[in-house]
Amino acid sequence: MSPFDALRGQLLNAAEAFSGGGDALAGILTGMVGDVDRMLREELEIFPVCHHSPASALAMTRRLRDKRPKVVYLELCEDLRPLLDELRNCKLPVALQAFATALDGFPAGAGPLSVIAPVTEASAEYQAIAYALDTPGVEIVLVDRSVDHVFQWLPQETDDPSPQEQAGQGDEAAPHSDDAALHGDAVGVEIGDLRPRFAELEKHLLHHGKVRHWSEWWDQYVEQPLTGADHDTYRQAMALIGSLFRRLRPDGDAHLTVDEERERHMWTRIREHLAESGADPADCLYVCGAFHAVSTVAEFGLRSEAPPYAIAPRTGTRWLYGLIPSSHSAIEAQFGLAQGSVSIAAATWAKAVRRGGVTPYRLEGQRTGRGRQALKAKPPVAAEPAADRLSGFLATPPALDGLDEDELRGWCVDIVRLARRNGYLASTADAISVFETSILLAGVRGRARPTPYDFADAAVTCIEKDVVPGRRDVRRLCEILLGGDKIGMVGYEALPPLARDVYDRLEPLGLDLTRRTQQRVLLDLRADPELEPCSDLLWTLRYLLPDGALRPIMGERRLGERPIQESWDVALGRHQREIVELGYEGVTVEQVLEQRLRRMAWDPQATAGAALAAVEDAILHVGGRRLPGELGARAVELLAAERTVDDAPEVLRRIRRLLTYYRASEPALPAWCEAFVTAGYAHYCTLLPSAFAGEDTGVRQVGAMLGFLFTLESLALSLGCDRAQLELAVRQSHPGEPAKVALLWAAQTQLGLVTRDELRVRCDELLANPLVVPAYPLYVSGFVQALEPVPGLAPFVVEALSKAFARLPDPVLLPWLPMLIRTLRQHAPELVPVLVREAGRTFPGTLAELDAWTPPWERPAAPPREARAVPAPSGPVSALLARHPGACDAVAALLGCTEEWGSTGQRTGEVAALLARHPATTGAVAALLDA
């Protein structure tokens, strides 16, 4: 005979009355009762819980003190067990984390992988952990799948949308604060995920419960009735809810398959531990979610006759484990809970602890505002036969708390005070209206006592305006009032070695790095040279950590420059998770930085520009020659292997900067710099004709190629490159776009293939052709792009623009101007200042000078001066040249001079005048030769 036979009969009669004899409803109702009965009959006591539930935490505390089990089996990833001992060094809430970057057995590009399991004080799992760790002779065993299996089974979990997505969880996923990002993009695992997996059921419950979101429904209809319930009533009610949600689910639910695999895994681990340890099941407690407590798998129970379940092996991925800070808002964002629900649950837990006289378990040495009270040991309570508590619980309405006017009045006064501090024009009348509206909303929703949800809705209704005057709206102020967003902190002892090393090395700054506020620090490196290691570490952390962790106010680190004073805004307390995750990559920040720079340079998608950026970062933050040399050699390989020139502007900008740095700080250029210049010269000469002709290559890229070839030509020729290769590439280029045509003309002018007069004639022909005038701005943009490889072309570009403004009629010029401005802004924004400065030198400075001003290109050319013979001064130089004419003949042949030798006493007037004006030079040469 089952103690639930009477309840089963009542439910069958109810099903007969409602459905007219249908089997579906009767099967669901009787199946729910059967699930509860099966759980109670199990030899191993199963304790069903719901995640972040104050009622579950209170019931767990009471049961642990009554039963005092010797083994606690907990639904949590089994490989997270070593992290539990570090919880005593942390301030809750924190999250257990598993992290992996080097993947083996998962798809390429899937990493990094991260799993988090948040822990709060108002949770049943924390009570079980604290009891097991601080009670001698008690063992805690984690029995859920490993984090590796979480990702092995993840594709099955993501085939269908989550229950929150099925229910259209728009109101639940409300905007959260910045602290909601504490978990990053990690996958969350929780103990006791209890929520309807049938979207229509959830909508039905919310509608008839007259609430807006699931967290509020759960608080009203589950949390409050079960907060003061006894152990048997709590277990049976939670198991009944888990069975209801398990049976009312959509067909083909992929999540159920994963849940059943987890249940088989957990029961297999429990039986294995009992067999190895020889523990008595009567002294054990199995803590799991209510959904899993009523499992229907064949492996359920210690007496299961199902064949042994084979647990799949883990992949070769190397997992790293640690603790990261968490917060209430981060938990809400991670698991799709309503904004403020975890904070309200924490406030409910604290109030129930004070009112109910329950002393919760807390880990010894944990950073909390209250110490753990020592209790006298009580003998364990013997287990009693299961009795039917469900009938009375379901038939009797819960005892509702009466209106606590003092509490509600305090809330109303405090919210008005907070609103006024945050810019709202709230008054005493608003406090009265919030008070009355809270009572009204509670009555409409069937409550005798307004809940925090009723109060928050009333405050928003009465105080909120169309525009939020400050950073926080009224709903956020209500969260702060009711407990705020509690943020955890990982203690120093629980940090990885890298994080502890960072804290130790920054200790000379005198900062409290655990504070979440922003702190200002000033470093006078000239007066305190011992602070230079701190400065180096701050710059390295700024490179590795996200924006906002460290912000330099004064001082800048560039190639060849070191500031003598620095000022920093430090907010490392807000980014403790990022610092902890750096510890997964290496032992020191320098090691992590080197690994990241190498990954950047050896990435399959890396370019020469990215490798040069890695070289620059290595010089700035690592120093030395080894790492920059290796990264520079990699840049040479990438440049030679590139088949496009999309990266040419960045390559030109960075290699110029690096060459300038090495020329100023080193006696000779590194070998990789010389190899990069020679490889780049040959590479860009080869690609120049195709870049000019290709439509997919922009003007900026071609201009950057020419800039590399012309500005680094002297270095390339000194390293053995051939200038004929560049001339041949320019001759083979035949562009079709106007801007590229202008670039080609500029290159031909630089090489001497086209004179400046010929270039001027070509531009005059363009202005004279009415069909080409609309495209003239494109030619101008090409000339402006050419200012980088051919800076001497600036006067000509000013001349070309001036002629266009002077010759074009207004009907053509006025529509043409917007296109000119857009073209210059799009293609050459950084070169326009060069053009403006040249125009400032060309045009008159005042309006009065403009009438008499003549453009330089319209002035008549000055007649050539006639050379007059001036007797050259006699001396040892003339005698030396006369005695050894071979050297002068070789220089003349190199320069292309064909004149014959004259007498030693006759020289041109220019040479004689030059020697006469600078006699000191001639005397110095003579003294050198005499010596």
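Start by selecting Arg68, which has a relative accessibility of 32% and so counts as partly exposed, since buried means under 20% and exposed over 50%. The model on screen is predicted. Arg68 sits in the loop that runs between helix 3 and strand 2. Check its backbone torsion: phi is positive, about 50 degrees, although the residue is not a glycine. Most residues other than glycine have a negative phi.

Next, go to His52. This residue lies in the loop between strand 1 (45-49) and helix 3 (54-67). Phi of His52 is also positive, at about 55 degrees, and His52 is not a glycine either. Is His52 buried or exposed? With a relative accessible area of 9%, His52 is buried, because the cut-off for buried is under 20%.

Now move to the loop between strand 2 (71-77) and strand 3 (94-100), where Pro93 is placed. Select Leu92 together with Pro93 and look at the peptide bond that joins them: the bond is cis, with omega of about 5 degrees. Most peptide bonds are trans.

Cysteines are the next stop. Select Cys77, which is buried at a relative accessible area of 2%. Then select Cys288, where the relative accessibility is 0% and the residue again counts as buried. How many disulfides does the structure hold? The count is 0. A disulfide would be a covalent bond between the sulfur atoms of two cysteines.

Then select residues 519-524, which form strand 9. Colour the side chains by the face they point to, since they alternate along the strand. Gln519, Val521 and Leu523 point to one face and are buried. Arg520, Leu522 and Asp524 point to the other face and are not buried.

Keep strand 9 in view and add residues 565-570, which make up strand 11. The two strands pair in the antiparallel sense, over 6 bridges. To see one position in this pairing, select Arg520 and Asp569: Arg520 stands opposite Asp569, which belongs to strand 11.

Finally, clear the selection and show the whole protein. The chain is built with 40 helices and 13 strands. Of its 931 residues, 50% are buried. The accessible surface comes to about 44,400 Å², and carbon and sulfur atoms account for 55% of that area. For a contact map, take the contacts between residues at least 6 apart in sequence: 77% of them join residues at least 24 apart.

How values were computed
Residues are numbered from 1 along each chain as its sequence is written. This is a predicted model: local features need pLDDT of at least 70, side-chain atom pairs count only at pLDDT 80 or more; totals for chains, interfaces and linings use all residues. Side-chain values use heavy atoms; hydrogens and water are left out. Helices (H or I, at least four residues) and strands (E, at least two) are DSSP runs, numbered from the N terminus. Buried means under 20% relative accessible area, exposed over 50%, partly exposed in between (1.4 Å probe, protein chains only). Contact means heavy atoms within 4.5 Å. Accessible areas come from the Shrake-Rupley method with a 1.4 Å probe; for residues, only the protein chains shown count as cover. Two strands pair if DSSP finds at least two bridges between them. A disulfide is a pair of cysteine sulfur atoms within 2.5 Å.
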